[in-house]
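Student: I would like to learn how the words used to describe a protein model are justified. Could we take one structure and set its values against the definitions behind those words?

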Amino acid sequence: MHSIECNASSTGGPSSNDFESTAAAVSNLPTTDRRGAQDRVRAAIVARGRSLGRCDIAVAHALLNRINWDTGYCWPGVGRLAAETSYSRRHVIRSRQKLSRLGLIETKLLKSSAGDFDELRVTFPALVTPMS
C-alpha cells in the first residue's frame with residue numbers, strides 16, 4: 001500500500017517536518033529518560049487542566065500509554081480509543097483535535113494512493129521538551 005502524507009499545517013496544526021523531528025527525538029530518548037518524559041507530558045496536561053475536559057484528559061492518557069518508543073509515535077484508531085476511554089467516537093475525535101490545537105500532541109494524517117485517509121499518527125512534543 002502506498003501512502004501520501006497529508007500536511008497537518010493546512011488545518012492550522014504543525015507541519016509534517018515538525019512531526020517527524022519530534023517523533024525522531026522521542027525515539028532517540030534513552031530508556032532511563034522515558035519515565036521523566038512521560039511525567040513532563042502529564043505535567044503539561046495538568047497545567048492545561050482548566051481548558052481540558054474529562055474526555056480530553058482520558059484521550060491524552062490513552063495516547064500516551066500507546067507511544068511506541070522505537071518510532072516515537074502511536075497510531076491507535078478512534079474505535080480503540082473510544083473503547084479504552086468509554087467515550088463516543090465523536091468525543092474522541094473532538095478531544096484529539098483539541099489536544100492538537102493546544103499543542104499537547106502533534107498529528108500526521110496519511111492518505112492512501114486511492115485518496116482515503118488510512119492512519120493518524122500521534123506524538124507528544126512534551127516528551128522531548130518541557131512545555132510552557
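Tutor: Let us begin with a definition: a residue is called buried when its relative accessible area is under 20%, exposed when it is over 50%, and partly exposed in between. Please keep in mind that this is a predicted model, and that buried residues make up 40% of the 132 residues in its chain.

Student: Which residues of α5 are buried?

Tutor: In helix α5, which covers residues 89–101, the buried residues are Val-92, Ser-95, Arg-96, Leu-99 and Ser-100. Seen down the axis of α5, these buried residues fall within an arc of 135°, so they line one face of the helix.

Student: Why is Ser-95 called buried?

Tutor: The relative accessibility of Ser-95 is 2%, and the cut-off for buried is under 20%, so Ser-95 counts as buried. If residues up to four places away in sequence are not counted, Ser-95 touches Cys-55, Asp-56 and Val-59.

Student: How do you know that the length of α5 agrees with what is expected of its residues?

Tutor: The 13 residues of α5 should span 18 Å at 1.5 Å a residue, and because the C-alpha atoms at its ends are 18 Å apart, the two values agree. After α5 comes Gly-103, whose phi is positive, near 80°.

Student: What makes α3 and α5 roughly perpendicular?

Tutor: Two packed helices are described by the angle between their axes and the distance between the axes. Helix α3, residues 54–65, packs against α5 at an angle of about 80°, with the axes 9 Å apart. Angles of 65 to 115 degrees count as roughly perpendicular, and therefore α3 is roughly perpendicular to α5.

Student: Which residues of α3 and α5 meet?

Tutor: From α3 the residues are Cys-55, Asp-56, Val-59, Ala-60 and Leu-63, and they meet His-91, Val-92, Ser-95, Arg-96, Lys-98 and Leu-99 of α5.

Student: Why are α2 and α3 called roughly antiparallel?

Tutor: Helix α2, residues 34–47, and α3 pack at an angle of about 170°, and their axes are 11 Å apart. An angle over 145 degrees counts as roughly antiparallel, so α2 and α3 are given that description. Where they meet, α2 contributes Gln-38, Val-41, Arg-42 and Ile-45, while α3 contributes Ile-57, Ala-60, His-61, Leu-64 and Asn-65.

Student: What makes it right to say that the buried residues of α2 line one face?

Tutor: The buried residues of α2 are Arg-34, Ala-37, Gln-38, Val-41, Ala-44 and Ile-45. Seen down the axis of α2, they fall within an arc of 115°, so one face of the helix is lined by them. On the other side of α2, Arg-35, Val-46 and Ala-47 are exposed, and what covers the buried residues includes α3.

Student: Why is Ser-51 called partly exposed?

Tutor: Ser-51, which has its place in the loop between α2 and α3, has a relative accessible area of 34%. Partly exposed is the term for values between the limits of 20% and 50%, so Ser-51 is described as partly exposed. Leaving aside neighbours within four places in sequence, Ser-51 is in contact with Asp-56, Lys-98 and Leu-102. Ser-51 and Lys-98 are 47 residues apart along the chain, and their C-alpha atoms are separated by 9.5 Å.

Student: How do you know that Ser-86 is exposed?

Tutor: Ser-86, found in the loop between α4 and α5, has a relative accessibility of 66%. The cut-off for exposed is over 50%, so Ser-86 counts as exposed. The phi of Ser-86 is near 65°, a positive value in a residue other than glycine.

Student: Is Ile-67, in the loop between α3 and α4, buried or exposed?

Tutor: Ile-67 has a relative accessibility of 7%, to be set against the limit of under 20% for buried, and therefore Ile-67 counts as buried. Apart from neighbours within four places in sequence, the contacts of Ile-67 include Val-26, Tyr-73, Val-122, Phe-124 and Leu-127. The C-alpha atoms of Ile-67 and Val-26 are separated by 9.3 Å, although these residues are 41 residues apart along the chain.

Methods
Residues are numbered from 1 along each chain as its sequence is written. This is a predicted model: local features need pLDDT of at least 70, side-chain atom pairs count only at pLDDT 80 or more; totals for chains, interfaces and linings use all residues. Side-chain values use heavy atoms; hydrogens and water are left out. Helices (H or I, at least four residues) and strands (E, at least two) are DSSP runs, numbered from the N terminus. Buried means under 20% relative accessible area, exposed over 50%, partly exposed in between (1.4 Å probe, protein chains only). Contact means heavy atoms within 4.5 Å. The expected span of a helix is 1.5 Å times one less than its number of residues. The arc is that of the directions from the helix axis to the C-beta atoms. Axes are lines fitted to C-alpha atoms, for helices over the stretch in contact, and angles run from 0 to 180 degrees between N-to-C directions. Angles under 35 degrees count as roughly parallel, over 145 as roughly antiparallel, 65 to 115 as roughly perpendicular and the rest as oblique.
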